[in-house]
Amino acid sequence: MIRVLIADDEPLMRAGIKAILGTADDIELVAEAGDGHEALQAVRERRVDVAVLDIRMPRMDGLACARELKTLAPSVRVVMLTTFGEDENIVRALSDGAAGFLLKDSAPEELLRAVRAVHNGEAYLSPMVTSRVVGMVATSGQPKRQEAQRAVAGLTEREVEVLALLGQGMSNADVGAKLHMSEATVKTYVSRLLAKLGLTNRVQAALLARDAGLAN
């Protein structure tokens, strides 16, 4: 079972998320919170695999909560709920370790896919969010291409191939099929890449690949 916490200051939104999660046999809702402080307290009191956080909440928002979770419970994977117009915060949250992003008006099955994907160590960005994030990073110029290229200079040829495919948004299964490797081997490569590059998750790796010109 995937143990999920949801944090949103709108009771109606929490109820909707709870109802969606309740349709899945492999997902269990273990805690609800109205802000980031309550979410952190819930994580202290019980085991949580995935935290679904609203990016905007009173007292402590999803961004601050994700930062705290990196120290408090680094094994907890974060899916951030967002709305249009939050591009800058989305890019910030990527740096804070969020592994998934969904628009609040996404289809219910997208939430289930996101929870399962991040629990499996993969990244999940809804298509609309992906295009906005990549566009935002491209126009901001941060990190600069030269910096990204220096970061990947120490990788092996195979590691560069894996990173380039992550930059194209491929799952572990897709990368394995493309490079004729088992999914377990791909997971090992991804973990090694993140450690070598000092990154937290696959989303950051994908953005670095794009900055370095590997995923064009």
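1. A good place to start is one pair of residues: Val 52 stands opposite Val 79 in S4. Bear in mind while looking around that this is a predicted model. The strands behind that pair are S3 and S4, which run parallel and are joined by 5 bridges. To get from S3 to S4 the chain goes through H3, and the β-α-β crossover made this way is right-handed.

2. S4 has another partner too. It pairs in parallel with strand S5 (residues 100–103) over 4 bridges. If you want a residue to click on there, take Met 80, whose bridge partner in S5 is Phe 101.

3. Now look at the two sides of S4. In a regular strand, side chains alternate between the two faces of the sheet. Here Arg 77, Val 79 and Leu 81 point one way, while Val 78, Met 80 and Thr 82 point the other way, and all of them are buried. Since 6 of the 6 residues of S4 are buried, the strand is largely enclosed by the rest of the structure.

4. Next, the nonpolar cores. The largest has 31 residues, and Leu 5, Leu 53, Leu 69 and Met 80 are those with the most contacts inside it. Elements giving two or more residues to this core include strand S1 (2–7), strand S2 (27–33), helix H2 (36–45) and helix H11 (202–211). H3 supplies the largest share, 5 residues.

5. Leu 53 is worth a closer look. Leaving aside its neighbours within four places in sequence, its contacts include Leu 5, Ala 39, Cys 65, Leu 69 and Met 80. Val 78, Val 79 and Leu 81 are also among them.

6. There is a second, separate core as well, with 21 residues, including Ala 148, Leu 166, Val 186 and Leu 194.

7. Which residues of helix H9 (residues 172–179) are buried? They are Asn 172, Val 175, Gly 176 and Leu 179. These residues lie on the same side of H9, because the arc they cover around the axis is only 100 degrees. Turn to the other side of H9 and you find Ala 177 and Lys 178 exposed.

8. What covers the buried residues of H9? The cover includes helix H8 (157–167), helix H10 (183–197) and H11. H11 is also one of the elements giving two or more residues to the largest nonpolar core.

9. One last backbone detail: just after H9 comes His 180, with a positive phi of about 60 degrees.

How values were computed: Residues are numbered from 1 along each chain as its sequence is written. This is a predicted model: local features need pLDDT of at least 70, side-chain atom pairs count only at pLDDT 80 or more; totals for chains, interfaces and linings use all residues. Side-chain values use heavy atoms; hydrogens and water are left out. A nonpolar core is a set of buried Ala, Val, Leu, Ile, Met, Phe, Trp, Tyr and Cys residues joined through side-chain atoms within 4.5 Å. Buried means under 20% relative accessible area, exposed over 50%, partly exposed in between (1.4 Å probe, protein chains only). Contact means heavy atoms within 4.5 Å. Two strands pair if DSSP finds at least two bridges between them. A crossover is right-handed if, with the strands pointing away from the viewer, the path from the first strand over the helix to the second runs clockwise. The arc is that of the directions from the helix axis to the C-beta atoms.
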